[in-house]
Amino acid sequence: MGARSRRESTGPREDPAVQHLREENERLRKLVSLVGRLGRRITTSPDTPAVLQDVVDAACDLTGARYGALATFDASGRVDRFMTHGISPQERDRIGQLPQGLGLLAVLRESQTPMRLADRAKHPRSVGFPDNHPPMKSFLGAPIRHGDDLLGNLYLTEKVGAEEFTPDDEELLVLFSAQAAMAIRDSDVHQRVEAERARLRGLVDASPMGVVVAEAGTGKVLLTNREAERLLNRTSQPGDTLKTHEQAAVYRRPDGRVYQPDELPLQRCLTRGERIQAEEVRFELPDGRTIPTLVNAAPVYSSDGTITAAIAVIQDITPLQEVERLRSEFLGMVSHELKTPLTAIKGSAATALGSQRALNDVETRELFEIIDEQSDRLRDLVDNLLDITRIEAGILSVTTERLDLRAVAEEAVAAFRRTGAAQEVRVEAPDELPMVRADRRRIGQVLSNLLNNAAKFSPPGHPITVRIEPQADQAAVQVRDRGHGIPADKLPHLFKKFSRVHEDRGISGTGLGLAICKGIVEAHGGRIWVESPGIGQGTVITFTVPFEFDQAVAAGPDVTRRADHVGHVRKAGERARILAVDDEPQVLRLLNRTLEEAGYRPISTDDPGRVVQLVELEEPDLVLLDIMLPGTSGFELLERIREFSGVPVIFLTASDESDDAVRALKMGADDYIRKPFAPSELLARIEAVLRRRVLPDTLEVRLPFVLGDLEMNFAERRVTVGGRAVKLSATEYKLLYELATNAGRVLTHEQILQRVWGPEYSGETELVRSFIRNLRRKLGDDARNPKYIETEPQVGYRVPKR
């Protein structure tokens, strides 16, 4: 024992000052190391929560705090991230998020400086922490600020081995608070940059022109959008170079010569700094296709004038060449169609004036009849040219009135018979047919065109039938012939300008008649479509015209009952609100003016980010929504709207793709209208959609439909399940209405399509299935064990009887 004591006392004892200095040096070394590591993490790591967790861990480690917490605030001042130290996950879950704006944390929010307390309980504003918070006598906290912006707070409690935190600890906390502010600000900047990059990428991808960006020196392809991928018939891969693109096709000049690799537009930009404008390049692809394009390209320079990259914009001019071909054909056709009646007129006039003998009365009358007939033909051609011009410009106007559609049809048939046509025409219509609202002259023009078409393509003696059938809120007019029929591949082109599907049969015509019919019908808010089983089996062309409703029933600018998911009732005479969304200022001005003049209250925005908020706050009666919007699309906005609202939505689209229309309707849109459109067509479609929001049985008081927990209150247009309001779109409500009012009966897919969407969607069974799935999901119905909507396999659906 004594020996051991002697050994322990033989070594020199370290001076306490030296020992303190060594400990302080170690602490500073550790501090420098931690700060350096945090600085590197902040500048290199995209994982901001992990960096902030490192900050609170390091602050506790260097100050000796047993517990620590760091909270960050969102734009509204609420806690959006909460990191802790020294607290187990179970304790963390029990605490939850800290209170908003109470006690010491509120003081920290208001303060510009840190707060250090020996005994937190003695502070007059020590309240506000949860009862199950870990012990916290000593307290050290600091706000996290960047300039004047409050980003969050950081606090430590329970210093180990000491009564309170020191001024050095306070300085350390301020340092770590600054590190946290840097991490949060960098994260915000990174998120904004990424959002802007995604927005720009979305805009480039949505461009109808191909875009390729290549790096100077390496030739690496930095960016290729979808259109460029389509033109090259290949999907971009990481590591693609200009050489990869050069091998994807053969590139020719207009004279047929092949481009050498160093002569291609992008290469000339990168190596010579050339700017290329509208250079025609033909892409010859391995699959045999040839795509004519116009290429514009330019170099990109750094601040010192060095070429760093080049960008090419590639336009597929196939559609332009097709338009040019059609234009040339049209000019030739118009020239022929004009010269034919002019020749007859000139010949008849010359005969009458230059005859060497006196003409008798019969001969004179015959010449004047030719002049009269050919003048009418010439007038009709000029009128058609003017009409198609107005339709394309969106300025075709219609003057609507209450009409007996059967009488209009019979007038058109009588005029047709006076032309001496060889076909018999029958008009079929119910005795009690509601009045329609339409332009008498224009609807007569549509019927005349359709009858003349049917006669032109039918053998003599084959009957033509005009049938008028009432539907939910419109009349459907069919013109059926038993003539040549139309090949399936030509049906989609029938209503396009200059379309002449029977050109191979030697049948003349301008190709304008059906395009004009389509423009007139759509200006009334209707639809027109064609059906033909095939060659030799005739053709049926159908168009719709809206019924005229009593003003107490029809939905117009003064909406007395909004049919939305909450059954909100407007004051009598209050104008209907319509939200218009378009990124083009000129279009918005047109929409605002049109709606205001029609008696509606327009609400407009060109900012897609405000749409959802405006739908929630303004509660519009209808939304006009453009499909192509910056940074997003109308489809994405419709999805978000349908999460909480059944407000009617009409899509505005400049696209001729029918897939967009079908997609919109499947997602819950109520209608669509193609640009350019006439104001009269827009107002007709708005009125039709708002009218559909009024119950089909408005004139009849119906008791609510109740099936188990499901209740449909027809008077208030409310649907509840177990007392919970169910938010349905207009189309979903209409679908459930048809099933409920036919409870116990199976409605086939075709019957549902006819009653809910209209006959032009015949055969779109997937549209029905899609809406049934959404309806079941909202009602909480299980398709495998249904309570409300039963499936009849391969047939349709039914709702059980009550």
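Biologist: In which helix is the place of E738?

Modeller: In this predicted model, the place of E738 is in helix α20, which covers residues 730-741.

Biologist: Why is E738 called buried?

Modeller: The relative accessible area of E738 is 12%, and buried means under 20%, so E738 is counted as buried.

Biologist: Which residues does E738 touch, not counting residues up to four places away in sequence?

Modeller: With those neighbours left out, E738 touches L747, R755 and V756, where contact means heavy atoms within 4.5 Å.

Biologist: What makes strand β1 largely enclosed by the rest of the structure?

Modeller: Strand β1 spans residues 65-73, and 8 of its 9 residues are buried, so the strand is largely enclosed by the rest of the structure.

Biologist: How do you know that β1 pairs with β5 and with β2?

Modeller: Pairing asks for at least two bridges; 7 bridges join β1 to β5 (residues 149-159), and 6 bridges join β1 to β2 (residues 79-85), so both pairs meet the definition. The strands β1 and β5 run antiparallel, with A71 opposite N153, while β1 and β2 also run antiparallel, with T72 opposite R81.

Biologist: What lies between β1 and β2 in their hairpin?

Modeller: There are 5 residues between these two strands, and G77 in the turn has a positive phi of about 90°.

Biologist: How many cavities of 30 Å³ or more does the structure hold, and what is the volume of the second largest?

Modeller: The structure holds 7 such cavities, and the second largest has a volume of about 260 Å³. Of the 15 residues lining this second largest cavity, the closest to its centre are Y251, L264, L266, F283 and I314, and by class the lining has 12 nonpolar, 2 polar and 1 charged residues.

Note on methods
Residues are numbered from 1 along each chain as its sequence is written. This is a predicted model: local features need pLDDT of at least 70, side-chain atom pairs count only at pLDDT 80 or more; totals for chains, interfaces and linings use all residues. Side-chain values use heavy atoms; hydrogens and water are left out. Buried means under 20% relative accessible area, exposed over 50%, partly exposed in between (1.4 Å probe, protein chains only). Helices (H or I, at least four residues) and strands (E, at least two) are DSSP runs, numbered from the N terminus. On a 1 Å grid over the protein atoms alone, a cavity is a set of points where a 1.4 Å probe fits but cannot get out, and a pocket is an open set with protein on both sides within 12 Å along at least five of seven lines; lining residues have an atom within 4 Å of a point. Grid points are joined across faces, edges and corners, and a volume is the space filled by probe spheres set on the points. Ala, Val, Leu, Ile, Met, Phe, Trp, Tyr, Cys and Pro count as nonpolar, Asp, Glu, Lys and Arg as charged, and the others, Gly among them, as polar.
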